[in-house]
Amino acid sequence: VQLQASGGGLVQVGGSLRLSCLASVPSGVSFNSYVMSWFRQTPGKEREFVSAINRGRSAFYADSVKGRFAISRDNAKNTVYLQMNSLKPEDAAVYYCAADRQVIVSSCFRASSYDYWGQGTQVTVSS
C-alpha cells in the first residue's frame with residue numbers, strides 16, 4: 001500500500017485547509033477494507049492521533065479537533081480527506097495519513113496499529 005498525502009500549506013488562524021490522501025492498494029484488495037487515519041507530529045513530540053474513519057464510514061476524532069475537523073472517504077477515488085476548519089496555532093504540524101486492514105476501533109488512535117504511512121504534508125498556521 002502506498003499513501004500520498006497532499007493539501008498542506010500556510011493558513012491564518014481561523015482559516016481552513018483540506019488534506020487529501022490517495023491510496024494505492026494491491027490488485028484485488030478493496031480500498032474500503034482499510035481503516036484510514038490522520039496523525040500529526042511536531043518536532044520533538046510523538047505522533048498524535050487526529051482522526052480515523054472505518055469501513056462503515058464511522059468517524060473518530062481526538063478531543064482537540066472535535067467540532068472543527070471532519071474526516072471523509074471516497075472509495076471510488078481511493079482517497080481519504082481531512083477538512084480542517086477554525087485552525088489554531090497548535091494545529092500546526094506535519095500531518096500523516098495511515099492505513100491498515102486489521103485496526104480495531106479501540107486501537108485506531110494508536111500509531112502502532114498502522115502498517116502503512118504516507119510521507120506527510122506540512123500545515124503551518126500563522127497568527
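1. Two strands count as paired if DSSP finds at least two bridges between them. In this predicted model, β3 and β8 qualify: their pairing is antiparallel and runs over six bridges. Within that pairing, Cys21 has Val80 in β8 as its bridge partner. Leu22 stands opposite Thr79, also in β8.

2. Next, the other partner of β3. β1 and β3 pair in the antiparallel sense, over five bridges. One of the bridge partners here is Ser24 in β3, which faces Gln2.

3. These strands belong to an open sheet of four, in the order β1-β3-β8-β7, with antiparallel pairing. β1 and β7 are the edge strands, and each pairs on one side only. From one strand to the next, the twist averages 15°.

4. Now the interior. The largest nonpolar core has 36 residues. Met36, Trp38, Phe69, Leu82, Met84, Tyr95 and Tyr114 are the residues with the most contacts inside this core. The elements that supply two or more residues are β1 (2–6), β3 (17–24), β4 (35–41), β5 (48–53), β7 (69–74), β8 (79–84), β9 (93–100) and β11 (121–126). β9 gives the most, with five residues.

5. Met36 deserves a look. Beyond its neighbours within four places in sequence, Met36 is in contact with Leu3, Cys21, Phe31, Ser51, Ala52, Ile53, Ile71, Arg73, Val80, Ala98 and Ala99. The list includes Cys21 and Val80, the two bridge partners from point 1. Phe31 and Arg73 are also on it, and these two interact with each other: Arg73 lies over the face of Phe31, at 4.7 Å from the ring centre.

6. A second charge-over-ring arrangement involves Arg101 and Tyr34. The charged end of Arg101 sits over the Tyr34 ring, 5.7 Å from its centre.

7. Val123 is in strand β11. Is Val123 buried or exposed? Its relative accessible area is 0%, so Val123 counts as buried. Outside its neighbours within four places in sequence, Val123 is in contact with Gly8, Gly9, Leu17, Leu19, Met84, Asp91, Ala92, Ala93 and Tyr95. Met84 and Tyr95 from that list are among the residues with the most contacts inside the core. Val123 and Glu90 are 33 residues apart along the chain, and their C-alpha atoms are separated by 10 Å.

8. How many aromatic pairs does a search of the whole structure find? There are four. In one of them, Phe39 and Tyr114, the ring centres are 5.5 Å apart and the planes are at 75°. Planes over 60 degrees apart count as edge-to-face, so this pair is edge-to-face. The pair links distant parts of the chain: Phe39 is in strand β4, Tyr114 is in the loop between β9 and β10 (116–117), and the two positions lie 75 residues apart.

9. Both members of that pair are buried. Phe39 has 0% relative accessibility and Tyr114 has 4%, and buried means under 20%. Tyr114 also pairs edge-to-face with Trp117, at 6.2 Å centre to centre and 70° between the planes. Trp117, at 25% relative accessibility, counts as partly exposed.

10. Taken together, Phe39, Phe49, Tyr114 and Trp117 form one aromatic cluster. Tyr114 connects two themes of this note: Tyr114 belongs to that cluster, and is also among the residues with the most contacts inside the largest nonpolar core.

Notes:
Residues are numbered from 1 along each chain as its sequence is written. This is a predicted model: local features need pLDDT of at least 70, side-chain atom pairs count only at pLDDT 80 or more; totals for chains, interfaces and linings use all residues. Side-chain values use heavy atoms; hydrogens and water are left out. A nonpolar core is a set of buried Ala, Val, Leu, Ile, Met, Phe, Trp, Tyr and Cys residues joined through side-chain atoms within 4.5 Å. Buried means under 20% relative accessible area, exposed over 50%, partly exposed in between (1.4 Å probe, protein chains only). Contact means heavy atoms within 4.5 Å. Rings of Phe, Tyr and Trp (its six-membered ring) pair if their centres lie within 6.5 Å; planes under 30 degrees apart count as stacked, over 60 as edge-to-face and the rest as tilted. A charge sits over a ring if NZ of Lys or CZ of Arg is within 6 Å of the ring centre and within 35 degrees of the ring normal. Axes are lines fitted to C-alpha atoms, for helices over the stretch in contact, and angles run from 0 to 180 degrees between N-to-C directions.
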